[in-house]
Amino acid sequence: AETGYDLWLRYRPVEPAWQQRYAGRVSHYVVADRPTLIAATDELRRGVAGMLGYEPVGRETVMGDGAVVLGTGASPLIAPLGLPLAKLGREGFLIRSATIEGRRVTVIAGNADIGVLYGVFRFLKLIQTRQPIDALDVSDAPKLRLRVLNHWDNLDRYVERGYAGQSIWDWQKLPGHLDPRYTYYARANASIGINGTVLTNVNANADALRPEWLAKVKALAGVFRPYGIKVYLTARFSAPIELGGLKTADPLDPQVAAWWKAKVDEIYRLIPDFGGLLVKANSEGQPGPNDYKRSHADGANMLADALAPHGGTLMWRAFVYAAENPDDRHKQAYTEFAPLDGKFRDNVLVQVKNGAIDFQPREPFHPLFGAMPRTPLMMEFQITKEYLGFATHLAYLGTMWEEVLQADTFRPRKGTSVAQVLESGATTGMAGVANIGSDSNWSGSQFDQANWYAFGRFAWDPDARAEPIARDWAAMTWGNDPAVTGPIVGMMMASREAVVDYMTPLGLGHLMATGHHYGPGPWVADLARPEWNPTYYHKADASGIGFDRTRTGTDAVGQYAAPVAAQFGDGKRVPEKLLLWFHHVPWGHRMRSGRSLWDELVTRYDRGVAGVAAMQADWTALEGKVDDRRWREVRDFLAIQRDEAQWWRDASIAYFQSVSKRPLPAGHAAPA
Ligand code: GCU
């Protein structure tokens, strides 16, 4: 039955030839009794029932060929095999074809139960993607420790920048009623290795820390626990005032520290494996330590000290820019945080957005990556597409994340990618602003599920590549017919670049309409804070367009390692895709194509629209090859995207032409 809730765990029947091949390998499994192992065997049963058409039974021991033996290296059947588990860490796993008691079996082993669950999901993925399972020797382990979703969910179920309906946390019915979707959610996350979830919005009020809400949080933690997922909450910095009745939230005030310590102790009494707290401070109106002339480190460390005795983690966001600060917004996070390197407690992770502005369709990597070698930095990606057309525009973000993660920071030396920066240090992590809601398709659109999936894969392995991830997702979500997955992967891989082209080509950014951030608004110039205005970012005038961030301008390039600064700062060497991010360029400037900058800009806008048209054509050809319900939804959304790509193109060209006063190049239509 089509429930719409399956995501990439659809488990549809395999083709008969594969059925025969697989069946003999999964006749039964050896029963296990701890919660995570029960979750693992439940998943195995569900997956095999769906794909191979029978339910493998649980037995006390290896009864014959085809047993799947799950457990840790310490379990009596597995221990004698002497598997090389040691180097795989707590969450790693190994899948091996082996012989036990003369029977041909498949062993799925980990150092801890959670590794076994991850191994089962990988085993099922082999079947989902039609790989042989006869002679397996697979081992894997996550490269980052914290792989967390950030829900921007408020307690009234409104999701900030959420395009998939209400929050899935049905607070009103918690803790009395546990919606089955919480379990589906946990399964989906565990299948891609996500091991934490921040339930509340970074802008949420402090109410989630009240006892009556903590009881609800505890109930969710109970659902997620077998799946290896810890819960976290956001901590509003002024909570001691709002909930505790104190006069101050000054982090150096002993009463304030004592209030937080008592609050954290209270949380851990309820939820012994609580993950920790996430804080947005002194950013966009949120309270923070700067209100008391204290630094971000003062604020973070005070909370970290409350968490440390319980093993909790404090994630402190570096997304800051101040109304009173006239400096280039691009520079403000680095200016505030880089001097604090080495000043944070061991259980603090500084959470840095991928770029210095705000989740634009394309930004250069954030200059903080590599600049704080004595501070663990975690990546913050935005899965929900605030600036990329919400849920209706198809934009696979895997390519964007790969681009950022593979960028060379040159810190401390050439060849040090952002991914390597993230992987270094004792505490490591990646956060993804979730795109999950109560819509039956979970993410607002079919293709946005892929971004949730890809986030998990990159958090597990920041050196992963976008294309194989898209391939896996497409096969698991749309079936294994190459005539289907081929075009789908092609669409996905080209999709984000098309969005860049029709919204913000050549290094433009932050050109969207006010407030909701949907649709074009490059002309907007009258907002209260200058750095909210698109005109602040494109700086188009009669002489040209682009933001001079070189030494003749704001010198934001100076925050990158010298070789990066030299490249970005040189109009001839900067990649053209970032040209206008760093340079103010005359309209007549000759581009690599031979065209003038103006002509190139128009060409890119049209290329973006054509990219969407190409996706539409590919999708039209898939009619009848995928189920009708999902096919029609995607068709409709692509039509919306096509119209709106045209809208972006027309509005942007019309506006910029009013400034450049140049004619459109031959073959390009006047804006409608
Ligand atoms: C963006 C977004 C806000 C969000 C903020 C953040 O500015 O528009 O809704 O609160 O990022 O990341 O804190």
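What follows walks through the fold of this predicted model, from its overall dimensions down to a few individual residues.

Taken as a whole, the protein has 19 helices and 16 strands. Its radius of gyration comes out at 26 Å, close to the 26 Å that the globule rule gives for 672 residues, so the chain is as compact as a globular protein of that length. The C-alpha trace spans about 80 × 65 × 50 Å along its principal axes, and 54% of the 672 residues count as buried. Contacts reach well along the chain, too: taking those between residues at least 6 apart in sequence, 72% join residues at least 24 apart.

The barrel comes next. Eight strands close up in the order 7-8-9-10-11-12-13-14, with parallel pairing. From one strand to the next, the twist averages 25°. To pick out one pair, strand 10 (residues 276-279) and strand 11 (residues 313-317) share four bridges in the parallel sense, and here V279 sits opposite W316 of strand 11. On the helical side, helix 12 (residues 448-460) lies across three barrel strands, namely strand 7 (146-150), strand 13 (377-382) and strand 14 (429-433). Helix 12 runs at about 170° to strand 14.

Then there is the ligand. Around it are E160, R161, V202, N203, K280, E284, F319, D358 and E386. This shell breaks down into six charged residues, two nonpolar ones and one polar one.

Another group of strands turns up earlier in the chain, centred here on strand 5 (residues 103-110). Six of the eight residues in strand 5 are buried, so-called "mostly covered". Strand 5 pairs with strand 3 (residues 67-72) in the parallel sense over six bridges, and G71 has A109 of strand 5 as its bridge partner. Strand 5 also pairs with strand 4 (residues 93-100), but that pairing is antiparallel and takes in eight bridges. Among the bridged residues there, A98 is matched with V105 of strand 5. Strands 4 and 5 make a hairpin, with two residues between them.

One residue of that turn, E101, deserves a closer look. E101 has a positive phi of about 50° although it is not a glycine. E101 has 11 C-beta neighbours inside 10 Å, so it counts as exposed. H517 is another non-glycine residue with a positive phi, in this case near 70°. H517 belongs to the loop between helix 14 (482-503) and helix 15 (534-538). With 18 other C-beta atoms within 10 Å, H517 is partly exposed.

Cis peptide bonds show up as well. One joins L174 and P175, with omega at about 0°; P175 lies in the loop between strand 7 and helix 4 (180-191). The bond from R411 to P412 is also cis, with omega near 0°, and P412 falls in the loop between helix 10 (398-405) and helix 11 (418-423).

Finally, S658 sits in helix 19 (residues 628-660). S658 counts as exposed because it has 10 C-beta neighbours inside 10 Å. The C-alpha atoms of S658 and A542 are 9.3 Å apart, although 116 residues separate the two along the chain.

Note on methods. Residues numbered from 1 in each chain as written. Predicted model: local features only at pLDDT ≥ 70, side-chain atom pairs only at ≥ 80, totals over all residues. Near = placed C-beta within 6 Å. Nonpolar A, V, L, I, M, F, W, Y, C, P; charged D, E, K, R; others polar. Pairing = 2+ DSSP bridges. Axes fitted to C-alpha atoms, helices over the stretch in contact; angles between N-to-C directions. Contact = placed C-beta atoms within 7 Å. Buried ≥ 20, exposed ≤ 12 C-beta atoms within 10 Å, placed from the backbone. Rg over C-alpha atoms; globule rule 2.2 N^0.38 Å.
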